[in-house]
Amino acid sequence: MTIDADARTLPGERVSHYDLLGRRDTDYYAVFTDIPDADRAVWDRAKAFTDEVGTRMQGEWDAATYPVELVQRMGELELFTDGIEHPELPHTSPLAAGLVNMEVSRHDGSLATALAVQGGLALRTLALFGSPEQQRRWLKPLAEGTVLGAFALTEPDHGSDSVSLETTAVRTTDGWSLNGTKKWIGNGASGGITFVWARVDDDGADDHGKVRCFLVEQDTPGYAGTVITGKVSLRGIHQAHIAMDDLRLASDAVLPGSHTFKDASRVLYATRSGVAWSALGHATACYEIARTYATERMQFGRPLAAFQMVQERLAQMLDELTAMQLYCRRLADLEATGGLRPTQASLAKYHNARAARRVASIARDLLGGNGILLENGVMQHLADIEAIHTYEGTESVQALLLGRDITGMSAFV
Ligand SMILES: Cc1cc2nc3c(=O)[nH]c(=O)nc-3n(C[C@H](O)[C@H](O)[C@H](O)COP(=O)(O)OP(=O)(O)OC[C@H]3O[C@@H](n4cnc5c(N)ncnc54)[C@H](O)[C@@H]3O)c2cc1C
């Protein structure tokens, strides 16, 4: 008997036995029954978008390809505005923005991250800090998704301590020269624009040593964005490593409203709520898949759902999910009245990202071997949750922010 030399590359096939991905709209505590019509209309657009995408993202995730046309489609459907207040942008309430985040995450984490990067980070940065001229040129294309936007803060050596970033912006006779590297930048190699956070190096100037934001067109000489490969989370969106080597910019490339690192934090505080909603979307999908599977899968002559231990675990997941929904609804209410403190967003992110991890882990177990098949959804959500658990501030960083708030003592260093 010999080993078949072709065995390494045999084509194989997908064998599907269950149809688990249907939306169930779980809302045990009636948290979302009284959504105002205008917000529900935005939510419905997000649902229609995910229905339109169907199962396509499983293939993109598998192949690690980034379907930018789907990102553009979200722009066409006005899904990027993320509760940003600006006269030139269609108004979306914090509740509607949260529901969009939840719905797209329930469907696919890569598209939800694209939404967060394009709307939550890039568009918000421009809307908050851009000059009228910068906004005239770029606001609509970003909102409509015809240009992809990136937000470049993190560096290879500065993640949680991005406050210590080392990218420099030196004033030249006619503008700026940027030098440094960035890591993990969504849309950073998409051919669009990047908002680069850099430290001004101009001895004697008022802003010397301050962190400011620069609008960079990615085809500018000196900018090199390379897609990071080998990711096993959010495989359907590209993050880039960016190298800037004497990247020359005109003097009006700086966003005039950005003065210090606190401005970058202001963007991140806003998007932190989005991650709490996103975690809820992932957990909803995992719970609904597990519940459906438990009612359909027969073992020992009965559906799994008829066993006490399985019911206990479904109850545990529902408990987590309901708490996540309550956090999110309250977050939106606080945000709408202008009463949301950054650390309250931290608590929601802390709770929901941790809870989503637990729910996904139980769901994966309940599906047995079928839990590791891409077509059953759970494994992709479980892997994608790992990224949202880390970005917009890790669990430990949120705990440090909360700890400082409740004790008055900083334990960061
Ligand atoms: C998929 C993905 C997309 C991203 N997209 C973007 C983007 O578009 N733009 C952008 O600018 N950035 C982006 N990021 C970067 C992201 O914000 C960082 O990954 C995050 O801030 C954490 O930084 P780090 O990965 O360097 O981890 P580190 O900071 O090195 O942390 C490693 C571990 O140490 C812990 N730790 C760190 N400091 C402390 C401390 N003081 N006390 C206790 N524990 C500590 C952390 O909690 C973590 O568990 C993205 C990241 C990922 C994974």
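**View 1. Domain 1 and domain 2, whose centres, taken over C-alpha atoms, are separated by 22 Å.** In this predicted model, the domain assignment divides the protein chain into domain 1 (37–148), domain 2 (150–260) and domain 3 (262–407). The contact of domain 1 with domain 2 takes 27 residues from domain 1 and 26 residues from domain 2. Between them, these two domains bury about 2,100 Å², and 66% of that area lies on carbon and sulfur atoms. On the domain 1 side, the residues that lose the most area to domain 2 are Y66, F129 and L148, which together make up 27% of what that side buries.

**View 2. Two annotated spans, one with helix and no strand, the other with strand and no helix.** An unreviewed UniProt entry places the feature "domain: Acyl-CoA dehydrogenase/oxidase N-terminal" at residues 38–145, and over these residues the chain is 75% helix and 0% strand, with end C-alpha atoms 22 Å apart. The UniProt annotation "domain: Acyl-CoA oxidase/dehydrogenase middle", likewise from an unreviewed entry, covers residues 150–246; this span is 0% helix and 49% strand, and its end C-alpha atoms lie 20 Å apart.

**View 3. The largest nonpolar core, which has 47 residues.** Within this core, F32, L99, W277, L280 and M317 touch the most other members. The elements that give two or more residues to the core are helix 4 (94–107), helix 7 (261–296), helix 8 (308–336), helix 9 (342–366) and helix 10 (378–390), and of these helix 7 gives the most, with 12 residues. The core draws at least three residues from each of domain 1 (37–148) and domain 3 (262–407). Apart from this core lies another, of 28 residues, among them L139, L153, V211 and L255.

**View 4. The surroundings of F32, a member of the largest nonpolar core.** Leaving aside residues up to four places away in sequence, F32 touches D27, R40, W43, L99, M102, W277, L280, Q325 and R329. Among these contacts, L99, W277 and L280 are also listed with F32 as the core residues that touch the most other members.

**View 5. Helix 7, a mostly covered element of 36 residues.** Of the 36 residues in helix 7, 30 are buried, and 12 residues of this helix belong to the largest nonpolar core. At 1.5 Å a residue, a helix of 36 residues should span 52 Å, and the end C-alpha atoms of helix 7 are indeed 52 Å apart, so the expected span and the modelled one agree.

Definitions and conventions
Residues numbered from 1 in each chain as written. Predicted model: local features only at pLDDT ≥ 70, side-chain atom pairs only at ≥ 80, totals over all residues. Heavy atoms only, no water. UniProt positions renumbered as here; feature names shortened; annotations may be inferred. Helix = DSSP H or I, 4+ residues; strand = E, 2+ residues; numbered from the N terminus. Core = buried A, V, L, I, M, F, W, Y, C linked by side-chain atoms within 4.5 Å. Buried < 20%, exposed > 50% of the residue type's maximum accessible area, 1.4 Å probe, protein only. Domains from an automatic or database assignment. Contact = heavy atoms within 4.5 Å. Expected span 1.5 Å × (residues − 1). Buried area = accessible area lost by both parts, 1.4 Å probe.
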